[in-house]
Amino acid sequence: MSNRAEFLIDLSALSSNVSKIKKECAVDVLAVVKADAYGHGLIRVASTALKAGASWLGVALLEEAITLRENGIDAPILAWLVSPGSDFELALSHNIDLGVSCIKGLREISEVAAKLGKKARIHIEIDTGMTRGGFLDEWQELLKEDFAHVDVIGIFSHFARADEPGERQNVEQLQKFKQMVAELEKIGINPAIKHLANSAATLKDKDSYFKMVRVGIAMYGLTPDLTHMGTSKELGLRPVGQLRAKLHLVKNVSKGSPVGYGASAITTTDTTLGVVAMGYADGIPRVAQGAGVFVNGKKAPIIGRVSMDQFVVDLGSSNTAKSGDWVIVFGDGSHGEYTADDWGRASSSINYEIVTRIGPRVPRIYEL
Ligand SMILES: *Cc1c(COP(=O)(O)O)cnc(C)c1O
(Lines give C-alpha, C1' and ligand atoms only; values in the text may rest on other atoms or scores of the structure.)
Protein backbone atom coordinates (compact mmCIF):
# COMPACT_ATOMS: atom_id res chain seq x y z
CA MET A 1 0.00 0.00 0.00
CA SER A 2 1.31 3.44 -0.69
CA ASN A 3 0.16 6.58 1.04
CA ARG A 4 -1.79 9.33 -0.69
CA ALA A 5 -0.93 11.81 2.07
CA GLU A 6 1.68 11.95 4.82
CA PHE A 7 2.61 14.20 7.71
CA LEU A 8 6.41 14.01 7.85
CA ILE A 9 7.76 14.68 11.32
CA ASP A 10 11.37 15.78 11.61
CA LEU A 11 12.37 14.64 15.09
CA SER A 12 15.79 16.27 14.83
CA ALA A 13 14.09 19.63 14.31
CA LEU A 14 11.97 18.92 17.40
CA SER A 15 15.09 18.09 19.43
CA SER A 16 16.82 21.20 18.23
CA ASN A 17 13.85 23.41 19.23
CA VAL A 18 13.57 21.82 22.67
CA SER A 19 17.27 22.05 23.44
CA LYS A 20 17.47 25.64 22.19
CA ILE A 21 14.51 26.65 24.39
CA LYS A 22 15.90 24.77 27.39
CA LYS A 23 19.30 26.39 26.97
CA GLU A 24 17.90 29.90 26.59
CA CYS A 25 15.37 29.82 29.43
CA ALA A 26 17.54 27.76 31.83
CA VAL A 27 14.54 26.55 33.87
CA ASP A 28 12.56 23.29 33.73
CA VAL A 29 10.70 22.78 30.47
CA LEU A 30 7.29 21.11 30.46
CA ALA A 31 6.68 19.87 26.92
CA VAL A 32 3.02 20.33 26.00
CA VAL A 33 1.90 17.23 24.10
CA LYS A 34 -1.89 17.53 24.28
CA ALA A 35 -4.01 16.88 21.19
CA ASP A 36 -1.69 14.14 19.91
CA ALA A 37 1.29 16.45 20.34
CA TYR A 38 -0.37 19.17 18.25
CA GLY A 39 -1.06 16.56 15.60
CA HIS A 40 2.58 15.39 15.44
CA GLY A 41 2.07 12.11 17.34
CA LEU A 42 1.98 11.82 21.14
CA ILE A 43 4.51 9.12 21.99
CA ARG A 44 7.32 9.86 19.54
CA VAL A 45 7.15 13.57 20.33
CA ALA A 46 7.01 13.04 24.10
CA SER A 47 10.00 10.71 24.19
CA THR A 48 12.04 12.90 21.85
CA ALA A 49 11.26 16.04 23.88
CA LEU A 50 12.34 14.31 27.10
CA LYS A 51 15.61 13.21 25.52
CA ALA A 52 16.23 16.73 24.25
CA GLY A 53 15.96 18.36 27.66
CA ALA A 54 12.30 18.66 28.69
CA SER A 55 11.72 17.21 32.16
CA TRP A 56 7.92 17.36 32.39
CA LEU A 57 5.04 16.54 30.03
CA GLY A 58 1.77 18.43 29.95
CA VAL A 59 -1.54 17.28 28.51
CA ALA A 60 -5.13 18.45 28.69
CA LEU A 61 -6.87 15.11 29.19
CA LEU A 62 -6.45 12.29 31.65
CA GLU A 63 -6.61 9.74 28.83
CA GLU A 64 -3.67 11.44 27.12
CA ALA A 65 -1.67 11.10 30.34
CA ILE A 66 -2.63 7.43 30.73
CA THR A 67 -1.58 6.70 27.14
CA LEU A 68 1.84 8.16 27.93
CA ARG A 69 2.17 5.93 31.01
CA GLU A 70 0.97 2.86 29.09
CA ASN A 71 3.76 3.51 26.62
CA GLY A 72 6.37 3.37 29.34
CA ILE A 73 6.92 7.08 29.89
CA ASP A 74 7.72 7.68 33.55
CA ALA A 75 8.52 11.41 33.55
CA PRO A 76 6.24 13.66 35.63
CA ILE A 77 3.00 14.33 33.73
CA LEU A 78 0.52 17.10 34.45
CA ALA A 79 -3.04 16.81 33.10
CA TRP A 80 -4.93 20.08 33.56
CA LEU A 81 -8.37 19.51 32.07
CA VAL A 82 -9.59 16.79 34.39
CA SER A 83 -13.15 17.61 35.40
CA PRO A 84 -15.05 16.48 38.50
CA GLY A 85 -16.38 12.99 37.95
CA SER A 86 -13.18 11.79 36.26
CA ASP A 87 -11.59 8.48 37.16
CA PHE A 88 -9.26 9.89 39.81
CA GLU A 89 -8.40 6.43 41.07
CA LEU A 90 -6.96 5.61 37.66
CA ALA A 91 -5.13 8.94 37.64
CA LEU A 92 -3.54 8.34 41.04
CA SER A 93 -2.63 4.75 40.25
CA HIS A 94 -0.69 6.05 37.23
CA ASN A 95 0.97 8.77 39.26
CA ILE A 96 -0.46 11.61 37.18
CA ASP A 97 -0.27 15.17 38.53
CA LEU A 98 -3.69 16.78 38.32
CA GLY A 99 -4.65 20.36 37.66
CA VAL A 100 -7.36 21.46 40.06
CA SER A 101 -9.60 24.42 39.31
CA CYS A 102 -12.66 23.99 41.52
CA ILE A 103 -13.50 22.94 45.07
CA LYS A 104 -15.61 20.05 43.86
CA GLY A 105 -12.62 18.61 42.00
CA LEU A 106 -10.33 19.07 44.98
CA ARG A 107 -12.74 17.26 47.30
CA GLU A 108 -13.23 14.34 44.90
CA ILE A 109 -9.48 13.96 44.48
CA SER A 110 -8.94 14.17 48.26
CA GLU A 111 -11.57 11.52 48.86
CA VAL A 112 -9.99 9.09 46.40
CA ALA A 113 -6.53 9.75 47.83
CA ALA A 114 -7.78 9.10 51.37
CA LYS A 115 -9.37 5.86 50.22
CA LEU A 116 -6.15 4.72 48.54
CA GLY A 117 -4.09 5.82 51.53
CA LYS A 118 -1.85 8.08 49.48
CA LYS A 119 -1.46 11.76 48.74
CA ALA A 120 -2.60 13.06 45.37
CA ARG A 121 -0.16 15.31 43.51
CA ILE A 122 -2.02 18.43 42.44
CA HIS A 123 -1.33 21.77 40.76
CA ILE A 124 -3.78 24.52 41.67
CA GLU A 125 -4.90 26.44 38.60
CA ILE A 126 -5.76 30.08 39.21
CA ASP A 127 -7.52 32.57 36.99
CA THR A 128 -5.29 35.64 36.79
CA GLY A 129 -7.28 37.39 34.12
CA MET A 130 -7.90 35.15 31.14
CA THR A 131 -11.33 34.28 32.54
CA ARG A 132 -11.18 30.68 31.36
CA GLY A 133 -9.80 27.95 33.63
CA GLY A 134 -8.71 28.27 37.24
CA PHE A 135 -9.92 29.42 40.63
CA LEU A 136 -11.59 32.82 40.72
CA ASP A 137 -14.89 33.04 42.63
CA GLU A 138 -14.05 30.04 44.83
CA TRP A 139 -10.57 31.30 45.73
CA GLN A 140 -11.24 32.51 49.28
CA GLU A 141 -13.18 29.33 49.99
CA LEU A 142 -10.28 27.25 48.66
CA LEU A 143 -7.95 28.85 51.18
CA LYS A 144 -10.10 27.33 53.94
CA GLU A 145 -10.13 23.81 52.45
CA ASP A 146 -8.54 20.69 53.90
CA PHE A 147 -5.31 19.86 52.04
CA ALA A 148 -4.42 16.84 54.18
CA HIS A 149 -4.74 14.30 51.38
CA VAL A 150 -3.00 16.23 48.64
CA ASP A 151 0.53 17.36 47.90
CA VAL A 152 0.32 20.77 46.29
CA ILE A 153 3.21 20.35 43.88
CA GLY A 154 2.39 23.35 41.74
CA ILE A 155 0.35 26.47 41.21
CA PHE A 156 -0.22 27.75 37.71
CA SER A 157 -2.12 30.10 35.46
CA HIS A 158 -2.32 30.86 31.75
CA PHE A 159 -1.73 34.06 29.74
CA ALA A 160 -4.42 35.33 27.39
CA ARG A 161 -2.16 37.66 25.40
CA ALA A 162 1.45 36.55 25.79
CA ASP A 163 1.68 36.51 22.00
CA GLU A 164 1.27 40.30 22.10
CA PRO A 165 4.34 41.02 24.23
CA GLY A 166 3.65 44.72 24.84
CA GLU A 167 0.14 44.25 26.21
CA ARG A 168 -0.63 45.53 29.71
CA GLN A 169 -2.73 42.48 30.46
CA ASN A 170 0.46 40.41 30.61
CA VAL A 171 1.90 42.56 33.39
CA GLU A 172 -1.43 42.53 35.21
CA GLN A 173 -1.70 38.75 35.02
CA LEU A 174 1.84 38.34 36.34
CA GLN A 175 1.09 40.66 39.28
CA LYS A 176 -2.15 38.85 40.05
CA PHE A 177 -0.30 35.52 39.89
CA LYS A 178 2.28 36.66 42.43
CA GLN A 179 -0.44 38.02 44.69
CA MET A 180 -2.46 34.81 44.68
CA VAL A 181 0.69 32.70 45.23
CA ALA A 182 1.44 34.87 48.29
CA GLU A 183 -2.08 34.31 49.62
CA LEU A 184 -1.64 30.56 49.30
CA GLU A 185 1.75 30.70 51.00
CA LYS A 186 0.20 32.64 53.86
CA ILE A 187 -1.89 29.60 54.80
CA GLY A 188 1.27 27.48 54.80
CA ILE A 189 1.04 25.95 51.34
CA ASN A 190 4.16 26.56 49.37
CA PRO A 191 4.12 24.79 45.99
CA ALA A 192 7.59 23.98 44.71
CA ILE A 193 6.65 24.70 41.12
CA LYS A 194 4.99 27.93 40.10
CA HIS A 195 4.34 28.03 36.37
CA LEU A 196 2.81 30.59 34.09
CA ALA A 197 4.70 30.92 30.80
CA ASN A 198 3.47 29.38 27.54
CA SER A 199 5.59 29.45 24.36
CA ALA A 200 5.09 33.14 23.69
CA ALA A 201 6.04 34.14 27.23
CA THR A 202 9.00 31.75 27.16
CA LEU A 203 10.27 33.47 24.02
CA LYS A 204 9.59 37.06 25.12
CA ASP A 205 9.06 37.46 28.86
CA LYS A 206 11.77 36.24 31.26
CA ASP A 207 9.90 37.68 34.26
CA SER A 208 7.21 35.04 33.84
CA TYR A 209 9.48 31.96 34.09
CA PHE A 210 9.59 31.03 37.80
CA LYS A 211 10.94 27.44 37.94
CA MET A 212 9.21 26.01 34.91
CA VAL A 213 7.79 27.00 31.52
CA ARG A 214 5.11 25.18 29.52
CA VAL A 215 6.09 25.05 25.88
CA GLY A 216 3.78 23.89 23.10
CA ILE A 217 3.75 25.54 19.70
CA ALA A 218 7.40 26.72 19.78
CA MET A 219 8.61 23.17 20.33
CA TYR A 220 6.91 22.24 17.05
CA GLY A 221 8.89 25.03 15.42
CA LEU A 222 5.93 27.31 14.83
CA THR A 223 5.50 30.92 15.85
CA PRO A 224 2.88 31.74 18.51
CA ASP A 225 1.85 34.75 16.45
CA LEU A 226 3.16 35.77 13.07
CA THR A 227 2.15 39.43 13.40
CA HIS A 228 3.49 40.23 16.84
CA MET A 229 6.33 37.76 17.20
CA GLY A 230 7.66 37.15 13.70
CA THR A 231 8.21 33.98 11.72
CA SER A 232 9.60 30.67 13.00
CA LYS A 233 12.84 31.51 11.32
CA GLU A 234 13.08 34.91 12.99
CA LEU A 235 12.53 33.13 16.31
CA GLY A 236 15.29 30.62 15.52
CA LEU A 237 12.86 27.69 15.41
CA ARG A 238 12.68 24.84 12.90
CA PRO A 239 9.18 23.75 11.83
CA VAL A 240 8.87 20.05 12.62
CA GLY A 241 6.02 18.93 10.38
CA GLN A 242 5.74 18.85 6.60
CA LEU A 243 2.39 17.89 5.13
CA ARG A 244 2.46 16.35 1.70
CA ALA A 245 -0.05 14.69 -0.57
CA LYS A 246 -0.27 13.08 -3.96
CA LEU A 247 -1.69 14.61 -7.06
CA HIS A 248 -4.50 12.20 -7.76
CA LEU A 249 -5.03 13.62 -11.20
CA VAL A 250 -3.69 16.33 -13.50
CA LYS A 251 -5.94 17.60 -16.28
CA ASN A 252 -6.13 20.38 -18.84
CA VAL A 253 -9.29 22.47 -18.84
CA SER A 254 -10.52 25.38 -20.88
CA LYS A 255 -11.24 28.95 -19.86
CA GLY A 256 -14.65 29.34 -18.20
CA SER A 257 -14.71 25.93 -16.43
CA PRO A 258 -16.60 26.00 -13.09
CA VAL A 259 -14.51 24.20 -10.44
CA GLY A 260 -15.91 22.19 -7.55
CA TYR A 261 -19.03 22.36 -5.37
CA GLY A 262 -21.09 25.48 -5.85
CA ALA A 263 -18.96 26.48 -8.86
CA SER A 264 -17.42 29.05 -6.52
CA ALA A 265 -14.48 29.51 -8.91
CA ILE A 266 -14.38 29.64 -12.70
CA THR A 267 -11.13 29.34 -14.65
CA THR A 268 -10.16 32.63 -16.28
CA THR A 269 -7.83 31.06 -18.86
CA ASP A 270 -7.15 27.67 -20.37
CA THR A 271 -5.09 26.00 -17.65
CA THR A 272 -3.89 22.81 -16.01
CA LEU A 273 -5.53 21.75 -12.76
CA GLY A 274 -4.29 19.29 -10.17
CA VAL A 275 -6.57 17.26 -7.92
CA VAL A 276 -4.87 16.85 -4.53
CA ALA A 277 -5.79 13.73 -2.55
CA MET A 278 -6.65 15.42 0.75
CA GLY A 279 -9.73 17.21 1.96
CA TYR A 280 -11.51 18.62 4.97
CA ALA A 281 -11.80 15.13 6.50
CA ASP A 282 -8.00 15.25 6.65
CA GLY A 283 -7.90 18.71 8.20
CA ILE A 284 -7.69 20.90 5.10
CA PRO A 285 -10.05 23.75 6.04
CA ARG A 286 -13.05 23.85 3.71
CA VAL A 287 -12.97 27.63 3.61
CA ALA A 288 -9.26 27.92 2.77
CA GLN A 289 -8.54 30.34 -0.06
CA GLY A 290 -5.14 31.85 -0.78
CA ALA A 291 -3.04 28.84 0.18
CA GLY A 292 -2.29 25.87 -2.04
CA VAL A 293 0.48 23.40 -2.76
CA PHE A 294 4.09 23.51 -3.92
CA VAL A 295 5.23 21.31 -6.77
CA ASN A 296 8.21 21.43 -9.14
CA GLY A 297 9.47 24.58 -7.46
CA LYS A 298 6.21 26.47 -7.98
CA LYS A 299 3.19 27.41 -5.96
CA ALA A 300 -0.18 26.21 -7.22
CA PRO A 301 -3.07 27.96 -5.44
CA ILE A 302 -6.35 26.33 -4.40
CA ILE A 303 -9.16 26.89 -6.87
CA GLY A 304 -12.76 26.30 -5.80
CA ARG A 305 -13.99 24.84 -2.54
CA VAL A 306 -12.16 22.11 -0.64
CA SER A 307 -14.11 18.80 -0.67
CA MET A 308 -14.08 16.05 1.94
CA ASP A 309 -11.23 14.01 0.44
CA GLN A 310 -9.77 16.23 -2.25
CA PHE A 311 -9.16 19.77 -3.40
CA VAL A 312 -8.19 21.30 -6.70
CA VAL A 313 -5.19 23.54 -7.40
CA ASP A 314 -4.39 25.65 -10.42
CA LEU A 315 -1.03 24.45 -11.74
CA GLY A 316 -1.01 27.09 -14.49
CA SER A 317 0.22 26.50 -18.00
CA SER A 318 3.92 25.91 -17.31
CA ASN A 319 3.95 23.35 -14.46
CA THR A 320 5.02 19.90 -15.62
CA ALA A 321 3.52 18.07 -12.61
CA LYS A 322 2.01 14.67 -13.41
CA SER A 323 -0.72 12.56 -11.86
CA GLY A 324 0.87 10.64 -8.97
CA ASP A 325 3.48 13.29 -8.13
CA TRP A 326 3.92 14.39 -4.51
CA VAL A 327 3.15 17.98 -3.63
CA ILE A 328 3.95 19.90 -0.44
CA VAL A 329 0.83 21.26 1.27
CA PHE A 330 2.85 23.04 3.92
CA GLY A 331 6.43 22.96 5.10
CA ASP A 332 9.01 25.23 6.66
CA GLY A 333 8.81 27.62 3.71
CA SER A 334 12.52 27.44 2.93
CA HIS A 335 11.99 26.36 -0.68
CA GLY A 336 9.10 28.72 -1.27
CA GLU A 337 6.33 26.35 -0.18
CA TYR A 338 3.29 27.44 1.79
CA THR A 339 3.62 27.24 5.59
CA ALA A 340 1.17 26.31 8.36
CA ASP A 341 0.93 30.07 8.96
CA ASP A 342 -0.14 30.61 5.33
CA TRP A 343 -2.83 27.95 5.73
CA GLY A 344 -3.92 29.54 9.00
CA ARG A 345 -4.29 32.92 7.36
CA ALA A 346 -6.02 31.39 4.33
CA SER A 347 -8.73 30.06 6.62
CA SER A 348 -9.01 32.98 9.10
CA SER A 349 -7.31 30.82 11.69
CA ILE A 350 -3.87 30.10 13.14
CA ASN A 351 -1.09 27.55 12.67
CA TYR A 352 -2.18 25.77 15.91
CA GLU A 353 -5.52 24.85 14.37
CA ILE A 354 -3.96 23.74 11.09
CA VAL A 355 -1.59 21.20 12.67
CA THR A 356 -3.93 19.93 15.39
CA ARG A 357 -6.69 19.16 12.90
CA ILE A 358 -4.68 16.96 10.58
CA GLY A 359 -6.94 13.92 10.57
CA PRO A 360 -6.29 10.35 11.66
CA ARG A 361 -6.37 9.14 8.04
CA VAL A 362 -3.02 10.85 7.47
CA PRO A 363 -0.12 8.65 8.60
CA ARG A 364 2.63 10.33 10.60
CA ILE A 365 6.03 9.42 9.20
CA TYR A 366 9.04 10.02 11.44
CA GLU A 367 12.45 11.12 10.27
CA LEU A 368 15.33 11.18 12.71
C1 LIG B 1 -1.91 24.52 25.41
C2 LIG B 1 -1.36 25.08 26.66
C3 LIG B 1 -0.03 25.52 26.72
C4 LIG B 1 0.87 25.60 25.52
O5 LIG B 1 0.61 26.78 24.79
P6 LIG B 1 1.55 27.19 23.56
O7 LIG B 1 1.06 28.52 23.14
O8 LIG B 1 1.33 26.15 22.50
O9 LIG B 1 2.93 27.19 24.07
C10 LIG B 1 0.46 25.88 27.96
N11 LIG B 1 -0.32 25.85 29.06
C12 LIG B 1 -1.60 25.49 29.03
C13 LIG B 1 -2.40 25.49 30.27
C14 LIG B 1 -2.18 25.11 27.82
O15 LIG B 1 -3.47 24.74 27.78
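A polar contact is a pair of N or O atoms within 3.5 Å. The model here is predicted.

Q: What makes the pair between Y38 and the ligand a polar contact?
A: An oxygen atom of the ligand is 2.5 Å from an N or O atom in the side chain of Y38. The cut-off is 3.5 Å, so this pair counts as a polar contact.

Q: How do you know that R214 makes a polar contact with the ligand?
A: A side-chain N or O atom of R214 lies 2.8 Å from a nitrogen atom of the ligand. That value is within 3.5 Å, so the pair qualifies.

Q: Which part of I217 takes part in a polar contact with the ligand, backbone or side chain?
A: The backbone: one of its N or O atoms is 2.8 Å from a ligand oxygen atom. Taken alone, the ligand exposes 390 Å², and the protein buries 92% of that.

Q: Why are V32, W80 and H158 listed around the ligand?
A: A residue is listed if one of its heavy atoms lies within 4 Å of the ligand, and therefore these three belong. The list also includes K34, N198, S199, G216 and Y352. By class, this shell has five nonpolar, four polar and two charged residues.

Q: Which pocket does the ligand take up?
A: The ligand takes the space of the largest pocket. Its volume is about 1100 Å³.

Q: What makes up the lining of the largest pocket?
A: There are 47 lining residues, and K34, Y38, R132, H158 and Y352 lie nearest the centre. By class, 23 are nonpolar, 15 polar and nine charged. Among the elements that each supply at least two lining residues are α2 (34–38), β9 (212–215) and α12 (351–356).

Technical notes: Residues are numbered from 1 along each chain as its sequence is written. This is a predicted model: local features need pLDDT of at least 70, side-chain atom pairs count only at pLDDT 80 or more; totals for chains, interfaces and linings use all residues. Side-chain values use heavy atoms; hydrogens and water are left out. A polar contact is a pair of N or O atoms within 3.5 Å; within protein, one must be able to donate a hydrogen and the other to accept it, and residues adjacent in sequence count only if both atoms are side-chain atoms. Accessible areas come from the Shrake-Rupley method with a 1.4 Å probe; for residues, only the protein chains shown count as cover. On a 1 Å grid over the protein atoms alone, a cavity is a set of points where a 1.4 Å probe fits but cannot get out, and a pocket is an open set with protein on both sides within 12 Å along at least five of seven lines; lining residues have an atom within 4 Å of a point. A molecule sits in a cavity or pocket if more than half of its atoms lie within 2 Å of its grid points. Ala, Val, Leu, Ile, Met, Phe, Trp, Tyr, Cys and Pro count as nonpolar, Asp, Glu, Lys and Arg as charged, and the others, Gly among them, as polar. Grid points are joined across faces, edges and corners, and a volume is the space filled by probe spheres set on the points. Helices (H or I, at least four residues) and strands (E, at least two) are DSSP runs, numbered from the N terminus.
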